[in-house]
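Could you help me learn to read the core, the cysteines and the helix packing of a protein model? I would like to go feature by feature.

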Amino acid sequence: MTDRGNIDGDGLRKHPVLGVDAVGDACVVRLGGELDLYNAGQVRSALADACAQAPERLVIDLGEVEFMDSTALGVLIETRTKLDNRDGFLLAAPGLETRRALQISGLDKLFTVHDTVPDALGAKV
């Protein structure tokens, strides 16, 4: 497990990547705080590193995400296209605001969204 701490470089915001965990043949990337234009590069880099490991499934834990803008949604789309098995790209535990962003953008129909990380880990891909 990699834990990146809670505070970003400016001392005011949570670091967007809270951790990366290998769970069997899956990779779970824990995101948190506000995901937007300002930290999209950090999220993109962490997700690209996870994709490079070629996991059977890549679970994006959104449980601690407080806000997600269109740039962050674009990073998720970009990441999914990099996987050989796009069905193995799973979102988990989105809060109300994150779920609303997915619904408004229509991405809740593109991505498979699970209520919890264990649900995503146990889902058939």
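What follows is a short dialogue about this predicted model.

Q: Let's begin with the inside. How many residues does the largest nonpolar core have, and which of them have the most contacts inside it?

A: Happy to start there. The largest nonpolar core has 26 residues, and Val29, Leu31, Leu58 and Ile60 are those with the most contacts inside it. Two or more residues each are given to this core by strand 3 (26–35), helix 1 (40–52), strand 4 (57–68), helix 2 (70–82) and strand 5 (89–92). Helix 1 supplies the largest share, six residues. Apart from this core lies another one of six residues, including Val28, Leu90, Ala92 and Ala120.

Q: Which residues does leucine 58 touch, leaving out those up to four places away in sequence?

A: With those set aside, leucine 58 touches Cys27, Val29, Ala50, Cys51, Thr79, Leu83, Gly88, Phe89 and Leu90. Two cysteines, Cys27 and Cys51, are on that list, which takes us nicely to the next topic.

Q: How many disulfides does the structure hold?

A: First the general idea: a disulfide is a covalent bond between the sulfur atoms of two cysteines. This structure holds zero disulfides.

Q: Why is there no bond between the sulfur of cysteine 27 and the closest cysteine sulfur?

A: Look at the distance. The closest cysteine sulfur to that of cysteine 27 is in cysteine 51, and because 8.5 Å separates them, they are too far apart for a bond. The cut-off to keep in mind is 2.5 Å between the sulfur atoms.

Q: Are cysteine 27 and cysteine 51 buried or exposed?

A: Cysteine 27 is buried, with a relative accessible area of 9%. Cysteine 51 counts as buried too, at 13% relative accessibility.

Q: Now the helices, please. At what angle do the axes of helix 1 and helix 2 cross?

A: In general, two packed helices are described by the angle between their axes and the distance between the axes. Here the axes of helix 1 and helix 2 cross at roughly 15 degrees and come within 10 Å. Angles under 35 degrees count as roughly parallel, and helix 1 and helix 2 are therefore roughly parallel to each other. The crossing of helix 1 past helix 2 is right-handed.

Q: Which residues in helix 1 and helix 2 meet?

A: From helix 1 come Ala40, Val43, Arg44, Leu47, Ala48 and Cys51, and they meet Thr71, Val75, Leu76, Glu78, Thr79 and Lys82 of helix 2. Take lysine 82 as an example: apart from neighbours within four places in sequence, lysine 82 is in contact with Ala48 and Cys51. Lysine 82 counts as partly exposed, at 46% relative accessibility.

Q: Where is glycine 41, and how far apart in space are glycine 41 and alanine 72?

A: Glycine 41 sits in helix 1 and is partly exposed, with a relative accessible area of 44%. Its C-alpha is 9.3 Å from that of alanine 72, although 31 residues separate glycine 41 and alanine 72 in sequence.

Q: One last feature, the backbone. Which phi does alanine 54 have, and where is alanine 54 placed?

A: Alanine 54 has a positive phi of about 50 degrees, although it is not a glycine. You will find alanine 54 in the loop between helix 1 and strand 4, and alanine 54 is exposed, with a relative accessible area of 61%. Alanine 93, not a glycine either, has a positive phi of about 60 degrees. Alanine 93 is placed in the loop between strand 5 and helix 3 (96–105).

Definitions and conventions:
Residues are numbered from 1 along each chain as its sequence is written. This is a predicted model: local features need pLDDT of at least 70, side-chain atom pairs count only at pLDDT 80 or more; totals for chains, interfaces and linings use all residues. Side-chain values use heavy atoms; hydrogens and water are left out. A nonpolar core is a set of buried Ala, Val, Leu, Ile, Met, Phe, Trp, Tyr and Cys residues joined through side-chain atoms within 4.5 Å. Buried means under 20% relative accessible area, exposed over 50%, partly exposed in between (1.4 Å probe, protein chains only). Helices (H or I, at least four residues) and strands (E, at least two) are DSSP runs, numbered from the N terminus. Contact means heavy atoms within 4.5 Å. Axes are lines fitted to C-alpha atoms, for helices over the stretch in contact, and angles run from 0 to 180 degrees between N-to-C directions. Angles under 35 degrees count as roughly parallel, over 145 as roughly antiparallel, 65 to 115 as roughly perpendicular and the rest as oblique. A crossing is left-handed if the near helix is turned anticlockwise from the far one by less than a right angle, and right-handed if clockwise.
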